[in-house]
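Colleague: I've got a chain here I'd like to walk through with you. Can you pull it up so we can go over the fold and the pocket?

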Amino acid sequence: MEYGTVAPGDGVPHQQIGKVINAFRELLDEGWEPTTIEATVVNVDDDRRRGSWRMEESWLRALEAGELSEVEFSGRVLDTIEEPSES
């Protein structure tokens, strides 16, 4: 998936990652079947790529089952962040 941000600065805004994941977690109550999510973040103004991140299906299932803490889950997701190198 790709989404735009208006957050100032460069890189992937970490707080927005949580908001996106929480939106998917809310869908679990509506019968959404978890899947791996690969997200690319771009600037809304100029469509410049700011980076990407990933949430593995197995991590979300483990979190929901109580096998991973919120901190462990967040750490795994944050470890996947890739930001474009300065050229």
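Colleague: In which sense do strand β1 and β2 pair?

Modeller: Keep in mind that this is a predicted model. β1 covers residues 2-5 and is joined to β2 over four bridges. One place to look is G4, which sits opposite V42 in β2. The sense of the β1 and β2 pairing is parallel.

Colleague: What is the handedness of the β-α-β crossover from β1 to β2?

Modeller: After β1 the chain goes through helix α1, residues 14-28, and then arrives at β2. That β-α-β crossover is right-handed.

Colleague: How many bridges join β2 to strand β3?

Modeller: β3 spans residues 49-55 and runs antiparallel to β2. Across that pairing, E38 stands opposite R54 in β3. The hairpin of β2 and β3 has five residues between the strands, and D47 takes a positive phi near 60° there. As for the bridges that join β2 to β3, there are six.

Colleague: Why is strand β2 largely enclosed by the rest of the structure?

Modeller: Count as buried any residue under 20% relative accessible area. β2 is residues 37-43, and it's largely enclosed because, of its seven residues, the number buried is five.

Colleague: In what order do the elements of the chain run from the N terminus on?

Modeller: The chain has three helices and three strands. Starting at the N terminus, the order is β-α-β-β-α-α.

Colleague: On to the pocket: which helix gives the most to the lining of the largest pocket?

Modeller: The largest pocket has a volume of about 150 Å³. Its lining includes H14, I17, I21 and R25, along with F73 and V77. Both α1 and α3 (70-79) supply at least two residues each to that lining. With six residues, the helix that gives the most is α1.

Colleague: How many residues of that lining are nonpolar, polar and charged?

Modeller: Among the lining residues are G18, N22, E70, S74 and L78. Sorted by type, the lining of the largest pocket comes out as five nonpolar, four polar and two charged.

Colleague: Last one, for the whole chain: what percentage of contacts between residues at least 6 apart in sequence join residues at least 24 apart?

Modeller: For scale, the C-alpha atoms fill a box of roughly 40 × 25 × 20 Å along the principal axes. Of the 87 residues in the chain, 34% are buried. Taking the contacts between residues at least 6 apart in sequence, the share that joins residues at least 24 apart is 57%.

Technical notes
Residues numbered from 1 in each chain as written. Predicted model: local features only at pLDDT ≥ 70, side-chain atom pairs only at ≥ 80, totals over all residues. Heavy atoms only, no water. Buried < 20%, exposed > 50% of the residue type's maximum accessible area, 1.4 Å probe, protein only. Pairing = 2+ DSSP bridges. Right-handed = clockwise from strand over helix to strand, strands pointing away. 1 Å grid on protein atoms, 1.4 Å probe; cavity = no way out; pocket = protein on both sides within 12 Å on 5 of 7 lines; lining within 4 Å. Points joined across faces, edges and corners; volume = space filled by probe spheres on them. Nonpolar A, V, L, I, M, F, W, Y, C, P; charged D, E, K, R; others polar. Contact = heavy atoms within 4.5 Å.
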